[in-house]
Amino acid sequence: MTFPNSLPRPPEELPRLAAAWQSPRGWRLASTVKNEHIGLLYIGVALLMFVAAGVLALLMRMQLALPENTLLGANTYNQVFTMHGTVMMFLFAVPVVEALSVYLLPGMLGARDLPFPRLSAYAFWAYGIGSIVFFCTIFFGVSPDGGWFMYPPLTGKEYSPGPGADWWLLGIGFIEISAIAGAIELIIGILLTRAPGMTLGKMPIYAWAMLVVAFMIVFAFPAIIAGSTLLELERLLDWPFFIAQRGGDPLLWQHLFWFFGHPEVYIIFLPAAGMVSMMIPVVARTPLVGYRAVVIALVGVGFFSFALWVHHMFTAGLGTLSMAFVTAASMAVAIPTGVQVFAWIATLWRGRVQINSIALFLLGFFFIFVLGGLTGVMVAVQPFDTQVHDTHFIVAHLHYVLIGGMVFPVFAGLYYWMPLVNGNRLSERLAKWVFGLMFGGFNIAFFPMHISGLLGMPRRVYTYAPGQGLELWNLVSTIGAFVLAAGVLLFFVDVARTLLRRQQERGNPWQAPTTEWLPVHQFSMRSIPNVHSREPLWDHPGLPAEVEAGRHWLPGTSSGLRETLITSPVQARILHLLRLPTDSWLPLIAAAGTAGFFLLATVELYPIAYACGIAAIVAVVLWLWELDNPPHIAMAQIGDAVSVPVGARGSASHAFWGMVVLLVVDATIFASFMFAHVHVSMLLNICPPPGASLPEPIWPLLAAALLAAGSVAIALVRRVLGSRIAVGALSLTAMVCAGSAFAAQMIGHGGLEPTADAWSATIAAMLSYQGLHVALLLIMGTYLIVRSASGRLRADAHATLDTTTLMWHYTTVQGLVVLGIVNFLPGWMN
Amino acid sequence: MNASVLAPAGPFAAWIAEAGWLLFAAGALIFVFVMVLLALALRRGAGPVRHGLWIVGGGLVFPVVVLSALLAYSLSLSVRLTQPPPADAIVVGITGHMWWWEVRYRDPAGGRDIVLANELRLPLGRKVVLGLSSADVIHSLWVPALAGKVDLVPGRVNHLVIAADTVGIYRGPCAEFCGEQHARMELVVVAQPEAEFDSWLAAQAMPAAAPAEALQARGRAAFIDQRCVACHTVRESSGVRLGAIVAPAPAAVAPGRATLDPSATLGPDLTHVGSRLTLGAGTLPNNRGTLVAWISDVQHFKRGARMPSFDSLDPATLQALAAYLESLK
C-alpha cells in the first residue's frame with residue numbers, strides 16, 4: 001500500500017507542527033480560537049443555561065403544586081416562565097447543538113479545525129457575555145414578561161412600558177449573530193474542509209444533519225432578526241408595525257416569529273437525530289441501515305419544516321382552506337421522521353446491542369420522542385388543536401419532543417464523546433441512576449400535563465382555582481420535576497468528577513467507526529487521513545497508527561502556522577492548502593464591544609454603548625488587517641509527490657463562499673422586511689393610505705442609476721489592481737455613487753411619516769436597512785482604499801476586494817428591489 | 001363548573017372529543033407497536049434486515065397510509081365544524097379587555113345593545129354566533145365543554161359558533177397570555193332552557209332597578225360620589241345612564257354628580273351585576289361579603305387590575321355600595 005507520505009518523518013516536523021498549534025497558558029487561554037477549546041467553553045455555557053432555566057422551571061412547578069399558591073406573585077411568575085422559555089430555546093437548545101458541532105465536526109470530517117476559527121471565537125464570546133447578562137435580568141426584576149414568543153400588542157410600548165421587552169429584543173436579537181456565524185462555519189466547513197476521499201456519500205450522518213441545519217438557520221433566523229428589529233423600532237420610535245389602529249397587524253409578528261419558530265424546533269431536533277444516527281451503529285456494532293434514505297429524510301424535514309409555521313396560528317382566525325394545507329404539511333413532516341425511526345430500529349435489529357449508558361439514553365429518546373411525535377400528529381388535526389392549543393396539553397407535547405428529541409440524545413452524546421475531553425469516561429454505574437431519575441422524573445412531570453390540559457388548564461397561568469380536578473396532576477408534575485432535577489444534578493456531579501481526573505490515553509473506548517476517534521494532540525490529528533468508507537475505523541483498523549505516524553496528508557506545517565486542507569464539495573478531491581488564523585484577543589474584544597453596544601443601548605446608556613460599538617468595529621478592522629495575505633510560497637508540499645497551491649483567490653476561496661452565505665442571510669432579512677410591507681399593504685383599502693404618498697419618479701430613477709454606476713465602478717477595480725491611484729479613484733467613485741443613491745432615495749421620501757401608519761413605517765424600515773448597508777459600504781470602501789494604499793491589495797491577495805465587491809453588488813440589487821417594490825406595489829394592488 | 005374537553009356539553013365539543021378519543025386510540029396503538037419493535041430489536045442477536053421492508057414499508061408506506069386517512073378525517077371534521085350558522089342564530093359580540101369580557105346581546109324587542117360583562121348565557125339547542133374582537137391585546141375565548149378556542153385579535157373580528165345541549169355552568173378561561181392577570185380572566189357560560197334564557201335576556205334588557213331601601217339608596221349615592229361612574233356604567237330608567245356615552249339633558253341627572261364621561265366603558269357594565277355568578281371575571285363568587293371585599297381590596301385578589309382598591313372607605317359605605325350592587329339584579 002502506498003501512503004501520501006513515507007517514513008521516517010523529518011525530526012523537526014512534529015515539533016514545528018506542535019508549536020504552530022500551541023495554545024496559550026493560564027488566563028491567556030481566553031484568546032484561543034481553537035475549536036477544541038471554544039467548543040468546550042460553548043458547551044459549558046450552554047449547559048449552565050440549561051441548569052439555570054431548569055431552576056426557573058422548578059420555581060414554576062413549586063408555585064403550581066398547589067391551587068391558589070402564593071409562592072410567586074403574578075408579575076414574578078410571568079417573568080419566570082418567560083425567562084424559562086426564552087433561555088431554554090435561545091440560550092440552551094440552539095447553542096448546545098451548535099457548540100457540539102464546533103467541538104466534534106472538524107475531527108469527524110478529518111479537518112484540523114473549523115474554516116473561520118476567529119469567527120467561532122467571536123460568536124462564542126458574544127453568546128457567552130450576552131446570555132449571562134440576559135439571565136441576570138431576573139435578579140433585578142426587569143426580565144421580559146410577555147412570554148418567550150413576545151406577542152404584540154402585549155409587548156408593545158403601551159402594554160409593556162418597562163425595559164423587559166427591550167432586553168429580549170436587543171439581548172436575544174444580537175445573540176442571533178452567534179447562530180448565523182455558526183451556520184456559516186458549518187456550511188463552509190462541511191462542504192470544503194473534509195478529508196480527501198470523504199465524498200458526500202461517505203460523510204457521517206451527523207455532518208449531513210448539521211449541513212441541513214445550517215441551511216435552515218440561514219433561512220429561518222433572519223425572520224426573527226427582522227421581526228425583533230421591527231418590534232424594537234415600534235417600541236423605540238413608535239413606528240406602528242403591529243398596532244391595528246394605525247394600519248399595523250399583530251398577526252404580522254406571528255407570521256415572522258413562527259416562520260422562524262417552527263424551523264427552529266427542527267434546528268434543535270435534527271442535530272440530535274444526527275447524533276442518534278452516529279451512536280446507534282456503535283451500540284449495535286453494525287453500520288446504519290438506510291444511510292441514503294436517512295440523508296434524504298433529513299433534507300426532507302429541513303424543507304417541510306418551512307411550510308408548517310401557520311399551525312402555531314390555528315386559532316388566530318385565518319381561513320379554513322389555508323389551515324387545511326397546513327394540516328396536510330404538518331402531517332407530512334412525520335414521514336421523513338418516520339423513515340429515520342425505522343432506519344434506527346432496523347439497525348438495532350440487525351446488530352447485537354449492548355445496553356450501556358449510551359444505549360439507555362437512546363432508548364429514553366425513542367420512548368419519549370415517539371410519544372411526543374404522536375401527540376404532534378394529534379395536534380396537526382386542526383379541530384383537535386383548537387381545544388388543546390395554549391393549554392398544558394401543548395406544554396406536555398413540546399417537552400416530550402424537545403426533551404425526548406434533543407436532551408436525551410445530547411446526554412447520550414455526552415456519555416459517548418466524553419472520552420474526547422480528557423480520555424476518561426463518565427461512570428457507567430452512576431449512569432443507570434442518572435437515567436432512571438431523568439426518565440422516570442420526566443414522565444412523571446410531563447405526562448399528567450396532557451390530562452390537566454384536557455381538563456381545562458391553560459398555559460402561562462400563575463395559579464388555578466381548586467375544585468377543577470387539577471390539584472392531583474399538578475402536584476404529581478411537581479414531584480416529577482424534582483426527580484428529573486435530581487437526575488440532572490447527579491449527572492453534573494459525575495461530569496465534575498470526570499473532568500477533574502487526570503488526562504488519560506483515550507484510545508477508542510466504544511470501538512467507534514468515525515475519524516473523531518483518531519489519536520489527537522494540540523494540533524488535532526498528526527496527518528489528515530485518506531478516507532475510503534463511511535466507517536473508516538472499522539474498515540481500516542490500521543488507520544489510527546498510520547495517521548499518528550504521519551503517513552497521511554500534511555503531517556507538518558508548511559508555513560509554520562496552522563493549516564488544514566480545502567477539498568472539493570462533492571468528491572472531496574484536494575484543492576488547496578488553507579492557512580488558519582492564530583489565537584488572538586481581537587475576537588473577544590470585538591464580541592465584548594458588540595455585546596456592550598446592544599446591552600447598554602437597552603438601558604439607554606447611549607454614549608458608552610456607542611463607544612463599545614466603535615471599539616468593536618476597530619477590533620474587527622484590526623482582525624481583518626491581519627488576514628488576506630499573499631501565499632508564503634506558491635505550492636506547499638503535503639505529500640511525498642504532491643504539492644498544492646497555498647490559498648485560493650476569487651470564487652475558489654472559502655472566504656468568498658462564506659460571504660455568499662452571509663449575503664443569503666442578508667437577503668432573507670431583507671425579504672422579511674419586504675414581507676412586512678406587502679402584508680400591511682394588503683390590509684389597506686387604498687394604497688398608499690391617505691396622507692402618505694409615493695416619491696416623484698425622478699428620485700427613484702436617479703437612485704437606481706447611481707446604484708448601478710457604483711456597482712460598475714467597484715467591479716472595475718479588479719482590473720486596475722496594479723495602480724493604487726486607480727483603485728482609490730474607482731473606490732471613491734463607487735462610494736460617492738452609493739451614498740448619493742441613498743440620498744436621492746431619502747429625498748424622494750422626504751414627506752414620509754413612519755409614525756403615522758404601518759405602510760409608511762415598513763417603507764422606513766426598508767430604507768433604514770438599505771441605509772445600514774450603504775454605511776457598511778462606506779466603511780468597507782474606506783478600508784479597501786487604505787488596504788490598497790498600503791500595498792496589501794495585490795493580484796495574489798485580494799479577498800478584501802472580492803468580499804467588498806460581493807457586498808456592493810448585493811446592496812445595489814437590494815436598493816433596486818426597494819425602489820421597485822415601494823413604487824410599483826401600489827399600482828399592482830389597486 | 002365544567003371545563004373539560006372530554007366532557008362535552010354541546011355538539012361541536014362532542015365531535016372534537018370523539019376525534020380526540022380516536023386520535024388517542026390510534027396514537028396509543030402506534031406507540032405500542034413501535035415500542036414492541038424496539039424491544040424485539042434489542043432482544044435479537046445479529047442478523048440481516050430487509051432494507052426495503054423497513055425503510056420503504058415502515059418509513060414510507062405505513063405513515064403515508066395512516067396519515068392520508070387521518071387527513072381525510074381531519075378535513076371532514078373541519079368542514080362539519082365550519083358550517084355557516086343558521087339564520088336564526090343568536091349573535092353576541094364579545095370584546096376582550098385586560099382582564100374582563102365585555103358581552104353585548106341585541107335586544108330582540110328594541111334592537112339596542114344589551115351590554116353586560118363576564119357572563120354569557122345560551123339557550124339550549126340553538127346556535128350562537130360570537131363576534132370576537134379586542135380592545136387592547138390578544139386574548140382567546142375558550143369554553144372547553146362547548147367548542148374549540150378562537151383568538152380575539154385587535155384590528156380583526158373573528159367568529160366562533162357555539163351551542164350547548166346540556167344544562168350547566170361552564171368555564172371559559174382566557175387562553176392567550178394577555179398580561180399580569182391572564183390567569184384570572186374567566187368567562188362564565190350558562191346554558192339554560194330557552195324559556196329561562198328568554199326571561200333572563202328580557203331582564204338584562206331592562207334598566208337598573210331603582211333602590212328600594214335606604215341602604216341601597218346610600219349605596220347609589222356613594223357609587224356616584226366615589227366616582228365609580230368614571231369607569232362603570234349603570235343604565236337607569238328614563239334613558240339616563242350613570243356613566244354614559246349618551247348624554248341626556250343635564251337637568252335630568254342628579255345635579256352636578258353623574259358623569260357624562262364617555263370613558264365610562266373602561267370597566268364592566270354593572271346594570272345587572274347582582275345577577276352574575278362571579279365577580280372579577282371568575283375571581284370571586286358574587287355575594288354581599290365578596291362585593292365588600294372586592295371593592296375595598298381588589299388589588300389583593302387581582303393585582304394589577306385597572307380598578308384601584310377603595311381601601312379608605314368606611315365599612316358603612318362599603319356595606320351600602322354592596323347592598324346597592326347586589327340589588328342590581
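Q: Let's start with chain A: what share of its 830 residues count as buried?

A: Since this is a predicted model, take every figure as computed from that model. In chain A, 64% of the 830 residues count as buried. For chain B, with its 329 residues, the figure is 53%.

Q: How many helices and strands does chain A have?

A: Try counting them as you follow the chain. Chain A has 25 helices and 4 strands. Chain B has 6 helices and 14 strands.

Q: How do I read the radius of gyration of chain A?

A: Set it beside what a rule for globules gives at that length. For chain A the radius is 27 Å and the globule rule gives 28 Å for 830 residues, so chain A is as compact as a globular protein of that length. Its C-alpha trace spans about 80 × 75 × 45 Å along the principal axes.

Q: And what radius of gyration does chain B have, set against a compact globule of 329 residues?

A: Chain B comes out at 26 Å, while a compact globule of 329 residues would be near 20 Å. Now look at the spans along the principal axes: about 95 × 45 × 35 Å for the C-alpha trace of chain B.

Q: What can contacts tell me about residues far apart in the sequence of chain A?

A: Leave out the pairs with a small separation and ask how many of the rest join distant parts of the chain. In chain A, 81% of the contacts with a separation of 6 or more are between residues 24 or more positions apart. In chain B, 65% of the contacts between residues at least 6 apart join residues at least 24 apart.

Q: Which atoms supply the surface that chain A exposes?

A: You can split an accessible surface by atom type. Chain A exposes about 28300 Å², with carbon and sulfur atoms supplying 70% of it. The accessible surface of chain B is about 13600 Å², and 64% of that belongs to carbon and sulfur atoms.

Q: Where do the charges of chain A sit, on average?

A: Find the centre of each set, then see how far apart the two centres lie. Chain A has 39 positive and 39 negative side chains, with centres 13 Å apart. Chain B has 26 positive and 24 negative charges, and their mean positions are 7 Å apart.

Q: How many residues do the two chains bring into contact?

A: On the chain A side there are 81 residues, and they are in contact with 76 residues of chain B. There's another way to look at this: the size of an interface is often given as the accessible area lost when the parts come together. Chain A and chain B bury about 6300 Å² between them, 71% of it on carbon and sulfur atoms. A:F342, A:W349 and A:Q387 supply 14% of the area that chain A buries against chain B, more than any other three residues.

Q: Can we zoom in on single residues? Is B:E102 buried or exposed?

A: Buried means under 20% relative accessible area. B:E102 counts as buried because its relative accessibility is 10%. B:E102 lies in strand β2, residues 100-106 of chain B. Beyond its neighbours within four places in sequence, B:E102 is in contact with several residues, including B:G93, B:I94, B:V115 and B:L116. The C-alpha atoms of B:E102 and B:L201 are separated by 16 Å, and these residues are 99 apart along the chain.

Q: What about B:G110, buried or exposed?

A: Here the cut-off for exposed is over 50%. B:G110 has a relative accessible area of 54%, so B:G110 is exposed. Look for B:G110 in the loop between β2 and β3 of chain B.

How values were computed. Residues numbered from 1 in each chain as written. Chains lettered and ligands numbered in written order. Heavy atoms only, no water. Helix = DSSP H or I, 4+ residues; strand = E, 2+ residues; numbered from the N terminus. Rg over C-alpha atoms; globule rule 2.2 N^0.38 Å. Buried < 20%, exposed > 50% of the residue type's maximum accessible area, 1.4 Å probe, protein only. Contact = heavy atoms within 4.5 Å. Areas by Shrake-Rupley, 256 points an atom, 1.4 Å probe, with all protein chains shown as cover. Lys, Arg positive; Asp, Glu negative; His and termini not counted. Charge placed at Lys NZ, Arg CZ, Asp CG, Glu CD. Buried area = accessible area lost by both parts, 1.4 Å probe.
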